[in-house]
Amino acid sequence: MRARQKWTGREEEVLALAALIVVVGAAFFRVASGHGSAVFGVGCLVAPGFAATAILPTEVRSAPISWLLAPPLGFAITSILLITASGLGLPLTEAAIYGLLAAACAAGLVAARRFSPSSPAARLRERAAAAPEIPILLAGAVLLGVGLQARAIGGLPLPGADWAHYLLYSTEIAHHHGLLLHNPYWMLGNEPFAEDPGVPSLYGAYLILSGHGAGLLYHGIWVFAALGILTSYVFVRTLFGDVAGVAAAAVCAVAPLTQNVLTWHGLANVYAIMYIPLVLLAAGMMLRGRDSARWSGFMALFLVALVAGHRLSFLITLVALAFLGALSLARAPRETLKFLLRTLLVGAAVGFGVAVYLVRQTNQLGGLQSYKAYLPTKLTNATFELVANYLSWPLIVAAVAGLAIVLLSRRLRVDPASYVPLGFILGLAVVGYSWIVHFPTEYSRVVYYLPVPIAALVGLGLSAIPRRAAVAIGVLLIAVSAPLSYTRAGEARDFFSFVDPGSERGLAYLSRRLEPGDVVAADRCWSFLASWELRHRVLGGLDPSLSLAGSEARPASIARKILVGSRESVVLAKRYGVHYALIDPICTDEEGRPPAVPAHGAPVYESTHLVIIRF
């Protein structure tokens, strides 16, 4: 017993020391061998999370929950450090990155030594003996999710187009050692990279530290998708118990909407969805009156990571927190004000450098477009049909049943944390209909966040019934939903597959014929892909609702006019040096209209997904 007591609390010190050794060891390995390692590169990015487990709130500080939180925590700390450094003008060289990560791990080690007496005992054996089915079911949910994700994005070529822009940005970060960069190919090479910096900072750091190419990053989104399953488990499990947590993780794993995001490679969305359950967990603790500096810091850290990773996700979460904060203020005004004020102060301290970076980036991007540019993305009957098909009726019915149980069960009804999923749904609704107040954003994107509250509601409902019955119902629900998700994932992959053997042959053909000064005009489906695959200047004919920055609107309009095929198109093509056009003959625009093949050029290559026109 004395030995056990002596060891209790040392686990965090060992983890922090091991994290520091990984970073320092990777740096020495790089110096000694002259090359990096992919394993060390990934290890360095997550190391700060393992070093920081001692500062986690008590409810999530013990193993194995702290181990599950360590990778997303590590990604959050690392991205914030890198973005802060870049925003303040520090070049992201190997030495700088190793120094930042080593400093973060060293700070974690100091915190672990300081707080080790208060560390809760892990009690892994006791927990496994009390509920042996939980780790088995959780592992099954993760493996099932990974299997369905393989259906969506496994192998090469990848579906979707956004991956090309992220890979190009990441390689430019590795070459130029900074984040505030201009894209050398996009929109004639005059546009700054408009992507939110969270994932690109991690991707770029990986390329710098590993010395490897971008091959592993093609499937980097897979890591964040798998971690999103685990953060959903931690969120619901911490508030409502292990059965509810496993159910929520399984629902997130099998929801067809989850796979749909992967097929069009919504990398920033998936990365943000990994953090959202953790912010909602802190909101639940606020509602329960946990006036804790650790929970305030927890919320602040992941909010900063969220705004750095995807600003639309941050906006949705912030609106949801406004509703939940109002509910908490009505219940316990003094404690809630203290919690929110502390969160604000910690967020300002942690996110100062991120704010500097985002302000500098926004100034380069030419502001936002009018809300009218995004009106084609309004929520319509077609949007709700997509939700019905890609959320699936079994999960919708289960979520509605879960909501009914929350309202009928006195234990859940009086627990304010039970209303966290509803607060998030309200946030989605407000942002989805914000065109009413002329707020510019892609309104229909809100539907892709629905698996998070749906999973929580299903878990909540199961937490109110006997344990064995809850497990049986949950397993049955997943068994019914998984085959449907597999089918939907295949359909979505086929829909978003632009690069296939035929189009690859066409791109190779075009690459051999392009002269250094040639410009390529590409439709909305080939715009991002062309800049990565051809490494030539591109005019991307994006629809207005797909433009990330106001400065992209004019060149995108020029590209669309060139692709239409009018007399003006010939003049514009000559003016901007456009000699080739890339068109996907089955790629419709934002209004659902098929593409118009230019009449003023000659087709030089044709395949299912790619027609190349020579002007």
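**Strands, helices and a cavity in a predicted model**

Q: Through how many residues does a hairpin join β4 to β5?

A: The hairpin that leads from β4 to β5 has 4 residues. The structure is a predicted model, in which local features need pLDDT of at least 70 and side-chain atom pairs count only at pLDDT 80 or more, while totals for chains, interfaces and linings use all residues. Residues are numbered from 1 along each chain as its sequence is written, and side-chain values use heavy atoms, with hydrogens and water left out. Helices (H or I, at least four residues) and strands (E, at least two) are DSSP runs, numbered from the N terminus.

Q: How should the pairing of these strands be read, and which residues of β4 stand opposite β5?

A: Two strands pair if DSSP finds at least two bridges between them. Strand β4 (residues 602–606) is antiparallel to β5, with 4 bridges. Pro 603 has Ile 613 as its bridge partner in β5, and Tyr 605 faces Ile 612 of that strand.

Q: Which residue of β5 stands opposite Ala 581?

A: In a regular strand the side chains alternate between the two faces of the sheet. Opposite Ala 581 stands Ile 613. The strands concerned are β3 (residues 578–583) and β5 (residues 611–614), which run antiparallel and are joined by 4 bridges. Ile 613 is thus named in two pairings, with Ala 581 and with Pro 603.

Q: How is the length of a helix checked, and what span does α13 have?

A: The expected span is 1.5 Å times one less than the number of residues. Helix α13 (residues 267–287) has 21 residues and should therefore span 30 Å; its end C-alpha atoms lie 31 Å apart, which agrees. For α4, with 23 residues, the first and last C-alpha atoms are 33 Å apart, close to the expected 33 Å.

Q: Where do these two helices bend?

A: The bend at a residue is the angle between axes fitted to the seven residues ending there and the seven starting there. In α13 the bend is about 25 degrees at Met 274, and Pro 277 follows within four residues. In α4 the bend is about 35 degrees and falls at Pro 71. Each helix is followed by a glycine with positive phi: Gly 289 after α13, near 80 degrees, and Gly 89 just after α4, about 95 degrees.

Q: Why is α13 described as largely enclosed?

A: A residue is buried under 20% relative accessible area, exposed over 50%, and partly exposed in between (1.4 Å probe, protein chains only). In α13, 21 of the 21 residues are buried, so the rest of the structure largely encloses this helix. Helix α4 is mostly covered, with 21 of its 23 residues buried.

Q: Which residues other than glycine have a positive phi in the loop between α8 and α9?

A: The loop between α8 and α9 (198–210) holds His 177 and Met 187. His 177 has phi of about 60 degrees, and Met 187 has phi near 50 degrees. His 177 counts as partly exposed because its relative accessibility is 28%, whereas Met 187, at 2%, is buried.

Q: Where are cis peptide bonds found?

A: One joins Ala 63 to Pro 64, with omega about 5 degrees; another runs from Leu 156 to Pro 157, with omega near 0 degrees. Pro 64 is in the loop between α3 (38–51) and α4 (65–87). That loop also holds Arg 61, which counts as buried at 4% relative accessibility. Pro 157 belongs to the loop between α7 (133–153) and α8 (162–176).

Q: How many cavities are there, and what lines the largest?

A: On a 1 Å grid over the protein atoms alone, a cavity is a set of points where a 1.4 Å probe fits but cannot get out, and lining residues have an atom within 4 Å of a point. Grid points are joined across faces, edges and corners, and a volume is the space filled by probe spheres set on the points. The structure has 3 cavities of 30 Å³ or more, and the largest has a volume of about 190 Å³. Its lining comprises 18 residues, with Ala 225, Gly 228, Cys 252, Thr 258 and Ile 273 closest to the centre. Two or more lining residues come from each of α10 (220–240), α11 (242–254), α12 (256–263), α13 and α21 (451–463). The greatest contribution to this lining, 5 residues, is from α10.

Q: What is the character of the lining of the largest cavity?

A: Ala, Val, Leu, Ile, Met, Phe, Trp, Tyr, Cys and Pro count as nonpolar, Asp, Glu, Lys and Arg as charged, and the others, Gly among them, as polar. The lining of the largest cavity has 15 nonpolar residues, 3 polar and no charged.

Terms used: On a 1 Å grid over the protein atoms alone, a cavity is a set of points where a 1.4 Å probe fits but cannot get out, and a pocket is an open set with protein on both sides within 12 Å along at least five of seven lines; lining residues have an atom within 4 Å of a point.
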